[in-house]
Amino acid sequence: MTPPAPASPAALAASAAAAARLSGLELLASGVLLVGFDDNIRYANPAAEHLLDNSARVLVRSHLSQLFINADELIKLCRQALAHQYTDLRQDLTLERLGREPLLVHSIVSAVGDDEVIVELRENVQQLKLDREERILDQSQVNKELIRNLAHEIKNPLGGIRGAAQLLELELPEAHLSALREYTQVIIKEADRLQTLVDRLLAPHRRPHIVGDVNIHEVCERVRSLMMAEFPNGLAIRRDYDASIPEFRGDKEQLIQTVLNITRNAAQALSSRIEAGDAELVMRTRVARQVTLAKVRYGLALDLHIIDNGPGISPQIRDRIFYPLVSGREGGSGLGLTLAQTFVQQHLGVIECESRPGLTDFRILLPLP
């Protein structure tokens, strides 16, 4: 991509005139470009600056082909609009940029005279969400295969190691039994620990999916009582329920385990605030309408939020928190959120997370009847 050429006085004057004429677009949330007949940009509003990661000063010195590697489709839409073939042209585009993430946008191109078009670019949030969900599902499938294979590879020799340590312990000479038995017990205990870890990795794939009628508020209340017993002081758990949410078919025990894993992780992240006495967890339920989950459209969905006021998730692991054995806490197994994601996906739902210092929000979406 060639750098933009220096703007001529005439181009700068045209840009200034366009900016004055289009000042009403300054407050729009979607990016707006005024493009001339020669594909040069004459005006860019603040939202376009933010979307394209460039200042208006740079943008008005550029052509569309300098901004986007695959600008041909957008240029074609501009030419069609100038030819007055349509009142306005609407199309979803993937605009590729050199050295940056591609932009998924919904574009609206309209002619404003014989030599200019307005190009409105809106980030395609729904497409981004679908792509993210698809990546999560693909990664989850890869994780499942990896876990199964790894667990079986570990499980087979573990029995032999433990059995050999037990036989070795029986053959130890009496004179050194107490001193050497310590080492064989280390082998046996570590083999048992690994066996427990493997069993936990395989648990969601072994356990049958027991379906029945589920009231999500009974699930939340069960988890709340467990958490209050575990953290009796310094932690406030606030309920914000929508009582109109209907029962749905699901595995109640799996959902209790899912919510418990998330809330327990949150409480452990809140340890310093619990000591200070100002830790807070919020359980919020709502009904979401017209939701797409794993490429399937549902009229109604449960929208469950578990929110804490902790320090937030480290940026280094934020994109990997649902991967197995990834933990932000020293001594953590890194399995709680992996199991939670597996159980939610077995209910045809999705689990998302937004986090910043002072607020972490886990969101569970499940289809409702």
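Okay, one definition before anything else: two strands count as paired here if DSSP finds at least two bridges between them. And keep in mind that this is a predicted model.

So, with that in hand, take β7 and β9. Six bridges join β7 to strand β9, residues 279-293, and the two run parallel. If you want one pair to click on, Asp 240 has Arg 284 in β9 as its bridge partner.

Now the helix that sits there. Helix α8, residues 216-230, packs on the sheet and touches β7, β9 and β10. Its direction makes about 170° with that of β7.

Let's zoom out to the whole sheet. It's an open one with five strands, in the order β7-β9-β10-β12-β11, and the pairing is mixed. What's at the edges? That would be β7, 235-240, and β11, 350-356; each has a single partner strand, so one side of each is left without a neighbour in the sheet. On average, neighbouring strands in this sheet are turned by 20° against each other, ignoring direction.

There's another helix to look at, α9, residues 252-269. Helix α9 lies across β7, β9, β10, β11 and β12, and runs at about 35° to β10.

Staying with β10, let's pick out Leu 302, which sits in that strand. Buried or exposed? Leu 302 has 0% relative accessibility, so it counts as buried. Leaving out residues up to four places away in sequence, Leu 302 touches a whole list, including Ile 216, Ile 245, Phe 248 and Ile 364. Thr 285 is on that contact list too; Leu 302 and Thr 285 are 17 residues apart in sequence, but 7.2 Å apart in space, C-alpha to C-alpha.

Okay, next region: helix α5, residues 72-82. Its buried residues are Leu 74, Ile 75, Leu 77, Cys 78, Gln 80, Ala 81 and Leu 82. What covers them? The cover includes α4, β3, β4 and β5. After α5 comes His 84, with a positive phi near 60°.

Of those covering strands, let's follow β5. Six of its eight residues are buried, so to speak of it as mostly covered is fair. It has antiparallel partners: six bridges join strand β1, residues 31-36, to β5, and seven join β4 to β5. On the β1 side, Leu 34 stands opposite Ile 118. On the β4 side, Val 109 has Val 119 as its bridge partner.

Last thing: β4 and β5 form a hairpin with four residues between them. Gly 113, in that turn, has a positive phi of about 110°.

Technical notes:
Residues are numbered from 1 along each chain as its sequence is written. This is a predicted model: local features need pLDDT of at least 70, side-chain atom pairs count only at pLDDT 80 or more; totals for chains, interfaces and linings use all residues. Side-chain values use heavy atoms; hydrogens and water are left out. Axes are lines fitted to C-alpha atoms, for helices over the stretch in contact, and angles run from 0 to 180 degrees between N-to-C directions. Contact means heavy atoms within 4.5 Å. Buried means under 20% relative accessible area, exposed over 50%, partly exposed in between (1.4 Å probe, protein chains only).
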